[in-house]
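Work through the following exercises with the sequence and the coordinates at hand. Each task is followed by a solution in steps.

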Amino acid sequence: MFADISHERQQSLLRQRNLFALTSAGLGIALVVAVSLAATRDREVVLLPTLPKQLTVSSAGVEADYLELVTRDAALVLLNRSPEGLDYWMDEILKLADPASYGRLKADLVRIVEEQRGSDVTQAFVIRSMTVDPKGLTSDVTGTLKTFVGAQVIASDERRFRFNWTYRGLRLALSGFSQLPPKDPSKEAQ
C-alpha cells in the first residue's frame, strides 16, 4: 500500500517537473526571440523638416544646436502675433513652459492678450542674430520688431530678447523671457 502511494507521489512530482521544464524551455525560447528582434530592429529617428541635421537629446545636458533651434522656434512664436490668433499664440507658448514657471508666464501672457485683444495691432519679428549659452540655459535673440496697425508699419525697432530655459529629464522648457536693453555701439567698438 505504501508502495502505491509512493509511486503515485513520484508520478505527480515527475509531471510537475516535466511541466516546469517545458515552461522554462518555452520562456527561454521567447526570450531568445525577443532579444533577437530587439537587436535586429531598425533604429528610428524622428526627422523634422525644419532641422538641418540629426540631433540627439541626452540627460547630460543640452547641445548648443538644439538650444538654438528651440530658441528660434520659440522666438518666432512668441514675438509674432496678431489679435486674430491670440488664444492659439498663448496656448502654444504655454506648451513650452516649465511647470515651476507656468503661473508667472501665463500671467505675463494674459496681460499681453488683454492689451492686444480687440485692437488692430500686429507685431512681426525678424531674427538677425542669436547667441546661446547651453551651460547657463539662456539664449539672446536680436532682430527687428515691426509693429503694424492695420497694414501700416508704425514702428520698426532693433530689439534684443533673452530666453531662460530649464532642463529636467530630457525636456527643455521655457522658464522666462525678457526684453534686454539695446547694445551700446560705443562699447562694441572698443
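A residue counts as buried when its relative accessible area is under 20%, as exposed when that area is over 50%, and as partly exposed in between. The model is a predicted one.

**Exercise 1. Describe the overall layout of the protein chain.**

Step 1. Count the elements: the protein chain has 5 helices and 4 strands.

Step 2. Put them in order. Along the sequence the pattern reads α-α-α-α-β-β-β-β-α.

Step 3. Apply the burial cut-off. Of the 190 residues of the protein chain, 25% count as buried.

Step 4. Look at sequence separation in the contacts. Among contacts between residues at least 6 apart in sequence, 50% join residues at least 24 apart.

**Exercise 2. Compare the annotation of residues 19–39 with the secondary structure of the model.**

Step 1. Take the record. An unreviewed UniProt entry carries the annotation "transmembrane region" for residues 19–39.

Step 2. Take the model. Over residues 19–39 the chain is 100% helix and 0% strand.

Step 3. Add the span: the end C-alpha atoms of residues 19–39 are 30 Å apart.

**Exercise 3. Find the aromatic pairs and classify their geometry and burial.**

Step 1. A search of the whole structure gives 2 aromatic pairs.

Step 2. One of them joins phenylalanine 125 and phenylalanine 161, with 5.7 Å centre to centre and 85° between the planes. Planes over 60 degrees apart count as edge-to-face, so this pair is edge-to-face.

Step 3. Place the two rings. Phenylalanine 125 belongs to strand S1 (residues 121–133) and phenylalanine 161 to strand S3 (residues 152–168), so the pair ties together parts that are 36 residues apart in sequence.

Step 4. Check burial. Phenylalanine 125 has a relative accessible area of 4% and is therefore buried; phenylalanine 161, at 8%, is buried as well.

Step 5. Phenylalanine 163 and tryptophan 165 also form an aromatic pair, with 6.4 Å centre to centre and 20° between the planes. Planes under 30 degrees apart count as stacked, so this pair is stacked.

Step 6. Check burial again. Phenylalanine 163 is buried at 0% relative accessibility, and tryptophan 165 is buried with a relative accessible area of 4%.

**Exercise 4. Characterise the second largest pocket.**

Step 1. The volume of the second largest pocket is about 300 Å³.

Step 2. Its lining consists of 17 residues, and those closest to the centre are Arg81, Ile112, Glu115, Gln116 and Gln123.

Step 3. Assign the lining to elements. Two or more residues each come from helix H2 (64–79), helix H4 (102–116), S1, S3 and strand S4 (171–180). H4 gives the largest share, 4 residues.

Step 4. Sort the lining by class: 8 residues are nonpolar, 5 polar and 4 charged.

**Exercise 5. Describe the surroundings of two residues of helix H4, leucine 105 and aspartate 108.**

Step 1. Leucine 105 is found in helix H4. With a relative accessible area of 1%, leucine 105 is buried.

Step 2. List its contacts, leaving aside neighbours within four places in sequence: leucine 105 touches Leu94, Ala97, Leu174, Ser175, Gly176 and Phe177.

Step 3. Take one of these partners. Leucine 94 is 11 residues from leucine 105 along the chain, and their C-alpha atoms are separated by 7.5 Å.

Step 4. Aspartate 108 also has its place in helix H4. Aspartate 108 counts as partly exposed, at 25% relative accessibility.

Step 5. Between aspartate 108 and phenylalanine 177 there are 9.9 Å in space, C-alpha to C-alpha, and the two are 69 residues apart in sequence.

**Exercise 6. Examine two loop residues, lysine 53 and leucine 137, and state whether each is buried or partly exposed.**

Step 1. Lysine 53 lies in the loop between helix H1 (2–40) and H2. Its relative accessible area is 46%, so lysine 53 is partly exposed.

Step 2. Lysine 53 and aspartate 65, 12 residues apart in sequence, are 9.5 Å apart in space, C-alpha to C-alpha.

Step 3. Leucine 137 lies in the loop between S1 and strand S2 (138–149). Its relative accessible area is 17%, so leucine 137 is buried.

Step 4. Check the backbone: leucine 137 has a positive phi of about 55°, although it is not a glycine.

Terms used
Residues are numbered from 1 along each chain as its sequence is written. This is a predicted model: local features need pLDDT of at least 70, side-chain atom pairs count only at pLDDT 80 or more; totals for chains, interfaces and linings use all residues. Side-chain values use heavy atoms; hydrogens and water are left out. Rings of Phe, Tyr and Trp (its six-membered ring) pair if their centres lie within 6.5 Å; planes under 30 degrees apart count as stacked, over 60 as edge-to-face and the rest as tilted. Buried means under 20% relative accessible area, exposed over 50%, partly exposed in between (1.4 Å probe, protein chains only). UniProt positions are given in the numbering used here, feature names are shortened, and annotations may be inferred rather than shown by experiment. On a 1 Å grid over the protein atoms alone, a cavity is a set of points where a 1.4 Å probe fits but cannot get out, and a pocket is an open set with protein on both sides within 12 Å along at least five of seven lines; lining residues have an atom within 4 Å of a point. Grid points are joined across faces, edges and corners, and a volume is the space filled by probe spheres set on the points. Ala, Val, Leu, Ile, Met, Phe, Trp, Tyr, Cys and Pro count as nonpolar, Asp, Glu, Lys and Arg as charged, and the others, Gly among them, as polar. Contact means heavy atoms within 4.5 Å.
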